[in-house]
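Open the model in your viewer and keep the sequence panel beside it. This tour tells you what to select at each stop and what you will find there.

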Amino acid sequence: MSLQSQTIKRISKLMAFFFIIEILLCWKLWFPIDREFPMMSAFSWLDFSIGIPGDGILSLAILISLLFILIDKYKSLAIVIMVSCLLVTILEDITRFQPWVYMQGALLILLSFNKKGRENAILSGALLIVALIYMWSGIQKLNLGFLRDTFPWLLSTFEFNFQIEPDQPLTSFNYLFALVPLLEFSIGLFLLIPKTRKIGIIIGLLMHLFIMLSLGPTGHNWNLIVLPWNLCLMLFLIQFYSQKEPIKITEGIKSFKLNYIILILFGIMPALNFIGYWDNTLSGSMYSGTHSDVAFYFDSDSETDLPKFRKAGTTVVENDDSDYSTSKTWLTYWSVYDIKVPPYPAHRYYKRFGEKLCEVSKNHLKTGIEITTRAKFNGTPSVTKCSCLELLGHDD
């Protein structure tokens with residue numbers, strides 16, 4: 001077996017192993033027992049539920065398939081079963097389409113096409129997927145929201161305070177933070193160039209270590225599913241540090257047609273995100289400072305039958321009307337609290353989430369959703385409120 005074939009086998013096992021770990025860490029997302037966060041079909045015209053037994057069977061099939069990939073047995077059949085079951089479960093609940101599902105799923109599909117003589121093409125495609133994610137993730141972070149809020153928040157776990165209010169001008173330090181997205185972009189670029197690949201790997205390892213320290217238990221202790229995903233990427237990068245057989249990216253892309261699809265999906269389509277035609281999850285926009293904040297607001301006194309999401313970051317808002325008080329629950333907090341992952345960040349789903357909650361609310365006039373969107377480049381927020389009366393389209 002060639003050295004490149006061995007690398008492909010190790011990467012395949014690596015992706016399968018961490019996929020299993022990630023599914024188990026957010027098990028309620030896949031096995032929705034006692035789950036409160038609403039399930040949301042990928043398409044409004046294909047709204048279906050296969051029930052807890054159906055979800056359990058399909059999710060178990062995914063785990064077993066990944067186990068067979070991990071032990072290198074019946075890999076082709078395992079990939080087909082895994083992809084088929086993933087497709088059904090994601091169509092049933094779009095929240096399952098997490099960035100790590102997209103990346104690791106794409107890598108496992110690509111690696112399954114390996115055969116003798118195709119090793120360079122497969123490794124080129126794998127590097128291309130990861131490098132393009134880094135590059136687009138860096139581009140997505142070139143905005144004032146990241147410089148003003150997101151990166152200072154990541155730094156705050158190390159007791160550095162650079163966060164400023166939206167109405168305050170950026171400081172010199174905040175402008176210097178623009179080097180961070182440029183550095184992340186350079187990781188992807190360096191990975192694609194043989195002479196700079198080791199530099200890109202070293203920078204990438206340091207970046208992932210920073211993310212794990214910032215978001216992990218010793219830091220913000222937030223969205224912990226990113227820990228195995230970042231560790232997986234670190235180990236992926238290490239596979240290419242001491243490659244004795246050179247990987248010829250250009251030749252590899254040209255020699256295998258599937259790599260052209262990878263180039264389109266991971267290299268070209270994310271550009272459409274800036275005009276609203278490609279989703280954030282598919283565009284490397286994690287922690288970019290441009291995601292929307294979505295809150296469900298309700299009358300604290302009358303909505304006693306709503307789910308227990310008030311435990312998950314619910315705040316009470318003061319009202320001039322002394323007859324009632326309004327509470328807000330942030331969708332992201334509720335999702336991470338209940339199923340251990342953030343919701344799928346796309347506007348077309350937010351109102352549908354609101355509709356599901358409005359259907360079980362009592363006071364449609366004082367209950368609804370509030371969406372705070374941020375401009376892609378300057379981070380300027382705009383707030384839209386929509387009551388249950390509007391969402392459900394009828395009088396109270």
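Start with strand 1, residues 293-299. Strand 1 is mostly covered, as six of its seven residues are buried. Buried means under 20% relative accessible area; exposed means over 50%, and partly exposed lies in between (1.4 Å probe, protein chains only). Helices (H or I, at least four residues) and strands (E, at least two) are DSSP runs, numbered from the N terminus.

Before moving on, note that this is a predicted model: local features need pLDDT of at least 70 and side-chain atom pairs count only at pLDDT 80 or more, while totals for chains, interfaces and linings use all residues. Residues are numbered from 1 along each chain as its sequence is written, and side-chain values use heavy atoms, with hydrogens and water left out.

**The partners of strand 1**

Add strand 4, residues 368-374. Strand 1 and strand 4 run antiparallel, joined by five bridges. Two strands pair if DSSP finds at least two bridges between them. Pick Asp-293: opposite it, in strand 4, stands Thr-372.

Now add strand 3, residues 326-330. Strand 3 also pairs with strand 1 in the antiparallel sense, over five bridges. Here Phe-298 faces you as a marker: Ser-327 of strand 3 stands opposite Phe-298.

**Into the loop**

Select Ser-288. It is in the loop between helix 13 (258-268) and strand 1. Is Ser-288 buried or exposed? Ser-288 is buried, because its relative accessible area is 1%. Show its surroundings. Ser-288 touches Gln-140, Lys-141, Asn-143, Phe-146 and Thr-150, leaving aside residues up to four places away in sequence. Such a contact means heavy atoms within 4.5 Å. Then select Ser-137. Ser-137 and Ser-288 are 151 residues apart in sequence, yet 7.5 Å apart in space, C-alpha to C-alpha.

**Aromatic rings**

Stay with Phe-146. Phe-146 belongs to one aromatic cluster with Phe-151, Phe-158, Phe-160, Phe-162, Phe-177 and Phe-210. Rings of Phe, Tyr and Trp (its six-membered ring) pair if their centres lie within 6.5 Å; planes under 30 degrees apart count as stacked, over 60 as edge-to-face and the rest as tilted. How many aromatic pairs does the whole structure hold? The search finds 21. Take Phe-236 and Phe-240: their ring centres are 5.1 Å apart and their planes at 55 degrees, so this pair is tilted. Both Phe-236 and Phe-240 are buried.

Next, pick Lys-198 and Tyr-241. The charged end of Lys-198 sits over the ring of Tyr-241, 5.0 Å from its centre. The rule is NZ of Lys or CZ of Arg within 6 Å of the ring centre and within 35 degrees of the ring normal. Lys-376 lies over the face of Phe-274, at 5.5 Å from the ring centre.

**Cysteines**

Finish with the cysteines. A disulfide is a pair of cysteine sulfur atoms within 2.5 Å. By this rule the count is one. Select Cys-358 and Cys-388, whose sulfur atoms are 1.9 Å apart in that disulfide. The link of Cys-358 and Cys-388 is left-handed, with -80 degrees about the S-S bond. Cys-358 lies in helix 15 (residues 347-358) and Cys-388 in helix 16 (residues 388-392), so the pair ties together parts 30 residues apart in sequence. Both Cys-358 and Cys-388 are buried.

Cys-386 is in no disulfide; the nearest cysteine sulfur, that of Cys-358, is 7.9 Å away.
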